[in-house]
Amino acid sequence: MKKLSILTLLFSLLLFAATAVFGEEPMTTANVDLNGDGVPDKISFTKREGPGEYTLFVNGRPKAGNFKNAYFDGFIVVDVKRTDPFKEVAMVSYGGGYDYEYQLYRYNGSIIQEMGGFNGIPSFKGNGIVLVETWMGFWPKKDKYLLDSSSGRLNHVPQELYNVGIEATVKESFPIYKSRHESDVVANTLVNSKILIVACDPSPKCADGGYFCDWYLVKTATGFEGWVRLKTLSDKLESLPWAG
Ligand SMILES: [Ca+2]
């Protein structure tokens, strides 16, 4: 009996986590006060002809927008910053289930303003910060977006490197480099030794449009740090926790 209730609890927690990750069910119409004047605002949208194109309406005022994704699912109402009077409309595209895209709008009582958007799974902190996670094959990349209250824009706060923090075992020795060029070898990793994948620089634009030329900073078992491409990690490590 005890076991059953623990299982039930775990399942509820999982369900809650899944719900929290995927956000609320997108709506097609709603009446929510967006500008804090105490009067509900009528929100709806229509699909336009092109893939991912829509027109958002608040109290009958139109605002055209479009997703990079071809599909979209509706909108949710979010609160980017609890201490300002606004609630925001986030147009949502789940892109067939793997590439989430959001476009945010603010209504000030007369105009609908475009705030910007992002791809990934957001969490709205309510303090003017939106954290967005993007799955990188074996780790989640975390980006920060900060509301500029005066312009109403949601600005990306760029990082040069993204924290990874995953340990893996070397299957076949490979060199790590001093800088993000394939010259100046710092060390050669030892077969069967553990390395720590410290951080990622996802900025390289790979010729094939994929991720394999991204640079990763790794730390060897002997305590040396250097750079290696994802292709090398993918080929020469025993186990990266790849998941779809
Ligand atoms: Ca209102």
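A residue counts as buried if 20 or more other C-beta atoms lie within 10 Å of its own, as exposed if 12 or fewer do, and as partly exposed in between. Keep that scale in mind, because N59, with 15 C-beta neighbours inside 10 Å, counts as partly exposed. What we're looking at is a predicted model, so let's start with how far to trust it.

**Confidence and overall make-up**

The mean pLDDT of the protein is 88, and 89% of its residues reach 70 or more. The weak spot is at the start of the chain: pLDDT stays under 50 over residues 1-22. Helix α1 (residues 2-22) has the lowest mean pLDDT among the elements, 41. The model gives residues 1-22 one contact beyond four places in sequence. At the other end of the scale sits strand β17 (residues 215-219), with the highest mean, 98.

Strands are what you'll see most of here: the protein has 18 of them, along with two helices. Of its 244 residues, 21% are buried. Take the contacts with a separation of 6 or more, and 44% of them are between residues 24 or more positions apart.

**The cores**

The largest nonpolar core has 27 residues. Which of them touch the most other members? They are L56, F75, V89, A90, M91 and Y105. Plenty of strands chip in: β2 (41-47), β3 (53-58), β6 (88-93), β7 (101-107), β8 (112-119), β10 (129-135) and β11 (140-148) each supply at least two residues of this core. Apart from it lies another core, this one of twelve residues, including I195, V228, L230 and L233.

Y105 is a handy place to see the larger core from the inside. Setting aside neighbours within four places in sequence, Y105 is in contact with L56, K63, E88, V89, I112, Q113, E114 and M115. Two of those contacts, L56 and V89, are also on the list of core residues that touch the most other members.

**Two open sheets**

One open sheet of four strands has the order β1-β2-β3-β4, with antiparallel pairing. Its edge strands are β1 (29-32) and β4, each pairing on one side only. From one strand to the next, the twist averages 20°. Four bridges join β1 to β2, and A30 has I43 in β2 as its bridge partner.

Another open sheet of four strands has the order β9-β10-β11-β12, again with antiparallel pairing. Here β9 (121-124) and β12 (153-157) stand at the edges, and each has a single partner strand, so one side of each is left without a neighbour in the sheet. The twist in this sheet averages 30° from one strand to the next. β10 and β11 pair over seven bridges, and V130 stands opposite Y145 in β11.

D143 is also found in β11. Beyond its neighbours within four places in sequence, D143 is in contact with G120, V132 and H156. D143 and V130 are 13 residues apart in sequence, with their C-alpha atoms 8.4 Å apart in space. Is D143 buried, exposed or partly exposed? It counts as partly exposed, because it has 18 C-beta neighbours inside 10 Å, while a buried residue needs 20 or more.

**Residues to click on**

Two loop residues have an unusual feature in common, namely a positive phi without being glycine. For N59, phi is near 50°; for D184, it is about 55°. N59 is found in the loop between β3 and β4 (61-66), and D184 in the loop between β14 (175-177) and β15 (185-188). D184 counts as exposed because it has 11 C-beta neighbours inside 10 Å, and the cut-off for that class is 12 or fewer.

T232 has its place in helix α2 (residues 230-236). T232 and E172 are 60 residues apart in sequence, yet 9.8 Å apart in space, C-alpha to C-alpha.

Here are the neighbour counts for these residues, side by side.

| Residue | C-beta neighbours inside 10 Å | Class |
|---|---|---|
| T232 | 19 | partly exposed |
| D143 | 18 | partly exposed |
| N59 | 15 | partly exposed |
| D184 | 11 | exposed |

T232, with 19 neighbours, is partly exposed, since being buried takes 20 or more.

Methods: Residues are numbered from 1 along each chain as its sequence is written. This is a predicted model: local features need pLDDT of at least 70, side-chain atom pairs count only at pLDDT 80 or more; totals for chains, interfaces and linings use all residues. A nonpolar core is a set of buried Ala, Val, Leu, Ile, Met, Phe, Trp, Tyr and Cys residues joined through C-beta atoms within 7 Å. Two residues are in contact if their C-beta atoms, placed from the backbone, lie within 7 Å. pLDDT is the predictor's confidence in each residue, from 0 to 100. Two strands pair if DSSP finds at least two bridges between them. Axes are lines fitted to C-alpha atoms, for helices over the stretch in contact, and angles run from 0 to 180 degrees between N-to-C directions.
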